[in-house]
Amino acid sequence: MLRNDSKLTSESDETCIFCLIANGQDKKTQVIKKNKELMCFRDIYPAAPHHYLVVPIQHIHSCFSLHRGHIDLVKRMAEMGKAVLQDQGITNMEDISLGFHQPPCTSVDHLHLHVLAPRSQIYEHLMYKFIPKTDNFVTEESLRNRIKDKAPIVKSGVDCINYQDLSVVGSRR
Ligand SMILES: [Zn+2]
Ligand SMILES: [Zn+2]
């Protein structure tokens with residue numbers, strides 16, 4: 001898909017499926033929880049009996065676009081994910097998996113938290129995508145640690161993706 005770089009952190013991107021869902025323009029996707037900031041819906045390719053995505057309504061490109069100002073957002077994404085699991089009858093909150101893929105391992109370039117349960121029942125052929133504490137699948141907690149010292153880059157009044165960081169991703173602090 002062609003993508004205009006200037007749109008990486010814009011409010012909404014008309015070529016982005018998650019923005020379409022957020023704007024109610026994708027009738028096939030049923031949003032199961034939504035507030036002013038976030039929404040949650042089922043992953044169309046479930047990797048476990050319960051598999052949801054929590055997505056900011058505003059278009060944020062990926063983990064790499066986040067800085068310390070997003071710590072609470074990341075927390076609230078996890079909270080919504082857990083709340084949805086509880087709404088769906090999940091009681092063993094130890095046996096769940098929450099995490100982010102990071103480019104180039106993302107299927108949609110709009111930040112999303114994968115919420116899977118039970119973790120012990122993640123389908124074997126898809127398990128490799130959801131191994132926590134790897135750079136492939138970054139847990140909510142390790143993402144918060146990663147961004148906690150990262151200052152926002154401000155360019156002409158607009159938040160920009162921090163390209164410098166692309167080179168250090170993967171290094172653990
Ligand atoms: Zn989007
Ligand atoms: Zn993903």
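**Entry 1: strand β5**

I started in the middle of things, with β5, and asked which of its residues are buried on each side. Leu 113, Val 115 and Ala 117 are buried on one side, and His 114 and Leu 116 are buried on the other, so that both faces of the strand are covered. In a regular strand the side chains alternate between the two faces of the sheet. The strand runs over residues 113–117, and five of its five residues are buried. A reminder to myself before going on: this is a predicted model.

**Entry 2: the partners of β5**

Next I looked up what β5 pairs with. With β3 the pairing is antiparallel and runs over five bridges; there, Leu 53 stands opposite His 114 of β5. With β4 (residues 97–100) the pairing is again antiparallel, over three bridges. Here Ser 97 has Leu 116 of β5 as its bridge partner.

**Entry 3: the whole sheet**

I then stepped back and asked in what order the strands lie in the sheet. The order is β1-β2-β3-β5-β4-β6, an open sheet of six strands with antiparallel pairing. β1 (31–34) and β6 (138–139) stand at the edges with a single partner strand each, so one side of each has no neighbour in the sheet. I also checked β2 (residues 38–42) against β3 (residues 50–56): they pair in the antiparallel sense over five bridges. Arg 42 is one residue to click on here, and its bridge partner in β3 is Tyr 52.

**Entry 4: the chain as a whole**

I counted elements next. The chain has three helices and eight strands, and along the sequence they follow the pattern α-β-β-β-α-β-β-β-α-β-β. Of the 173 residues in the chain, 31% are buried. I also looked at contacts between residues with a separation of 6 or more: 67% of them join residues 24 or more positions apart.

**Entry 5: helix α2**

I checked the length of α2 (residues 71–87) by simple arithmetic. At 1.5 Å a residue, its 17 residues should span 24 Å, and the end C-alpha atoms are 25 Å apart, which agrees.

Which residues of α2 are buried? They are Val 74, Met 77, Met 80, Gly 81, Val 84 and Leu 85. Looking down the axis of α2, I found these buried residues within an arc of 140 degrees, so they line one face of the helix. The spacing makes sense to me, because an α-helix has 3.6 residues a turn, and residues three or four places apart therefore point the same way.

What do the buried residues of α2 pack against? Their neighbours are β1, β2, β3, β4, β5 and α3 (140–147). On the face turned away from the buried side I found the exposed residues Asp 72, Gln 86 and Asp 87.

**Entry 6: backbone oddities**

Last, I went through the backbone angles. Most residues other than glycine have a negative phi, and most peptide bonds are trans. Just after α2, Gly 89 has a positive phi of about 95 degrees.

I noted two cis peptide bonds as well. One joins Pro 103 and Pro 104, with omega about 5 degrees, and Pro 104 sits in the loop between β4 and β5. Another runs from Ala 117 to Pro 118, with omega near -15 degrees. Pro 118 lies in the loop between β5 and β6, while Ala 117 is among the buried residues of β5 from my opening entry.

Key: Residues numbered from 1 in each chain as written. Chains lettered and ligands numbered in written order. Predicted model: local features only at pLDDT ≥ 70, side-chain atom pairs only at ≥ 80, totals over all residues. Pairing = 2+ DSSP bridges. Helix = DSSP H or I, 4+ residues; strand = E, 2+ residues; numbered from the N terminus. Buried ≥ 20, exposed ≤ 12 C-beta atoms within 10 Å, placed from the backbone. Contact = placed C-beta atoms within 7 Å. Expected span 1.5 Å × (residues − 1). Arc of directions from axis to C-beta.
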